[in-house]
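Student: I have just opened this structure and would like to understand the words people use for it. Could we go through some of them together?

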Amino acid sequence: MKLSIVIPILNEEDNLPILRERLEKVMLDGQFDYEIIIVDDGSIDQSPQLTCAWIQDNPKVTLLQLSRNFGHQPAITAGLKETTGDAVVIMDADLQDPPQVILEMVQKWREGYRVVLAERLSRKEIGLRRLVIEGFYKFFEFISDFPVKIKSGVFGLMDRVVVDHLLSFPEQNRFIPGLRSWIGFSTTSVHYMREARAKGAPKQSIRRLIKYGIDATFSFSYKPLRMSFFMGLFISAICFIYGIILLVKRLLNIDVVPGFTTIAIAVLFLSGVLLISNGIIGEYLARIYDEVKKRPLYIVARKMSRKENQKELNIQEYSSRLNP
Ligand code: UDP
Ligand code: MG
């Protein structure tokens, strides 16, 4: 068997040495063939150089450099496309996903499971970041039209079959945990403690995380659309009843004082509702526009690798018009 490990990196020069050491130790213990695909998502620090040095020492490592920063999910997709292993593990470079868990996942895979999710028992994020993450997961569980095991992020193992299916999806808005769950096949989990980031600040800003959450929501749920429909229905029903009451009062000539308050509240509330529904429709429309454009998810600038018996780095510049 051969295991592929995909690691997206963005300015992880502080974490790379630790990652390298811990990952290689685990691979040594595992005693199986492997490849490590590092996807440089537009780093501006020493990360690419460090990775090149790593390739010089270990030909099982490959570096894929994207032409700029495309984001976590596109970077992972770029890496997945390069994999040749029978099973693929996706992990972050900041050691929040401990490398030892890989061995457990491989064990489960050998037992015949096609997907192994790494479920976190705890997380070390604090403050606003944690609030955003946990709030999102709760919300997503409620809103999703499709059950996604939400204690797992991208960290996990997929069989070749699952990876190939994932890569065959033409979707632009990719929420990999959701898509992986959508694909199905026999799935199991291993449990681990999510550690704190080893070094440096998180590379996904809160804004990015929120965007990621919105992408996930709208690509896995029609409920927001349905909700704005039902909200409209509900408000119309109330207005109808209220209208009848007003009419009856007018006919019986009870209490006919011009009510500014009622009108003001009704207008403000209804415009709010209309704007929200417009926004919801807009979110879907923007996504449809993205899908229709069919722009590539990422652009690979170059690939660096080394054959076992060769000393020099093999640098492949993708200067032609199209990605391979
Ligand atoms: N990352 C990336 N591109 C980005 C942001 C992050 O490749 O635009 C990488 C980052 O280097 C790390 C992983 O994705 O290896 C997860 O990022 P981070 O730890 O910042 O996110 P979080 O742990 O909050 O999900
Ligand atoms: Mg992290």
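Tutor: Gladly; we will take a few terms in turn, keeping in mind that this is a predicted model.

Student: Let's start with Leu 95. What makes Leu 95 count as buried or exposed?

Tutor: The cut-off for buried is under 20% relative accessible area. Leu 95 has a relative accessible area of 1%, so Leu 95 is buried. You will find Leu 95 in the loop between strand E4 and helix H4 (101-110).

Student: And why is Asn 11 called partly exposed?

Tutor: Partly exposed covers what lies between buried, under 20%, and exposed, over 50%. Asn 11 has a relative accessible area of 23%, so Asn 11 belongs in that middle class. Asn 11 sits in the loop between strand E1 (2-9) and helix H1 (16-30).

Student: Where does Ile 281 belong, and how do you know?

Tutor: Its relative accessibility is 45%, and exposed would need over 50%, so Ile 281 counts as partly exposed. Ile 281 is part of helix H10.

Student: What is notable about the phi angles of Asn 11 and Leu 95?

Tutor: Asn 11 has a positive phi of about 50 degrees although it is not a glycine. Leu 95, also a residue other than glycine, has a positive phi near 65 degrees.

Student: Now helix H6. How do you know on which side or sides its buried residues lie?

Tutor: In H6 (residues 160-168), the buried residues are Arg 160, Val 162, Val 163 and Leu 166. Around the axis they cover an arc of only 160 degrees, which puts them on the same side of H6. As a general point, an α-helix has 3.6 residues a turn, so residues three or four places apart point the same way.

Student: What covers those buried residues?

Tutor: Among the elements covering them are helix H3 (72-82), strand E5 (115-122) and helix H7 (176-183).

Student: What makes Asp 159 a cap of H6?

Tutor: A side-chain oxygen of Asp 159 lies 3.0 Å from the backbone nitrogen of Val 161, at the N-terminal end of H6. The cut-off for a polar contact is 3.5 Å, so this pair qualifies.

Student: Last one: why are H8 and H10 called roughly perpendicular?

Tutor: Helices H8 (residues 206-220) and H10 (residues 260-293) pack at about 85 degrees, their axes 10 Å apart. Angles of 65 to 115 degrees count as roughly perpendicular, so the description fits H8 and H10. Where they meet, Ile 214, Asp 215 and Phe 218 of H8 touch residues of H10 including Ile 280 and Tyr 284. By class, this contact has four nonpolar, no polar and three charged residues.

Definitions and conventions. Residues numbered from 1 in each chain as written. Chains lettered and ligands numbered in written order. Predicted model: local features only at pLDDT ≥ 70, side-chain atom pairs only at ≥ 80, totals over all residues. Heavy atoms only, no water. Buried < 20%, exposed > 50% of the residue type's maximum accessible area, 1.4 Å probe, protein only. Helix = DSSP H or I, 4+ residues; strand = E, 2+ residues; numbered from the N terminus. Arc of directions from axis to C-beta. Contact = heavy atoms within 4.5 Å. Polar contact = N/O pair within 3.5 Å; in protein donor to acceptor, adjacent residues only side chain to side chain. Axes fitted to C-alpha atoms, helices over the stretch in contact; angles between N-to-C directions. Parallel < 35°, antiparallel > 145°, perpendicular 65-115°, else oblique. Nonpolar A, V, L, I, M, F, W, Y, C, P; charged D, E, K, R; others polar.
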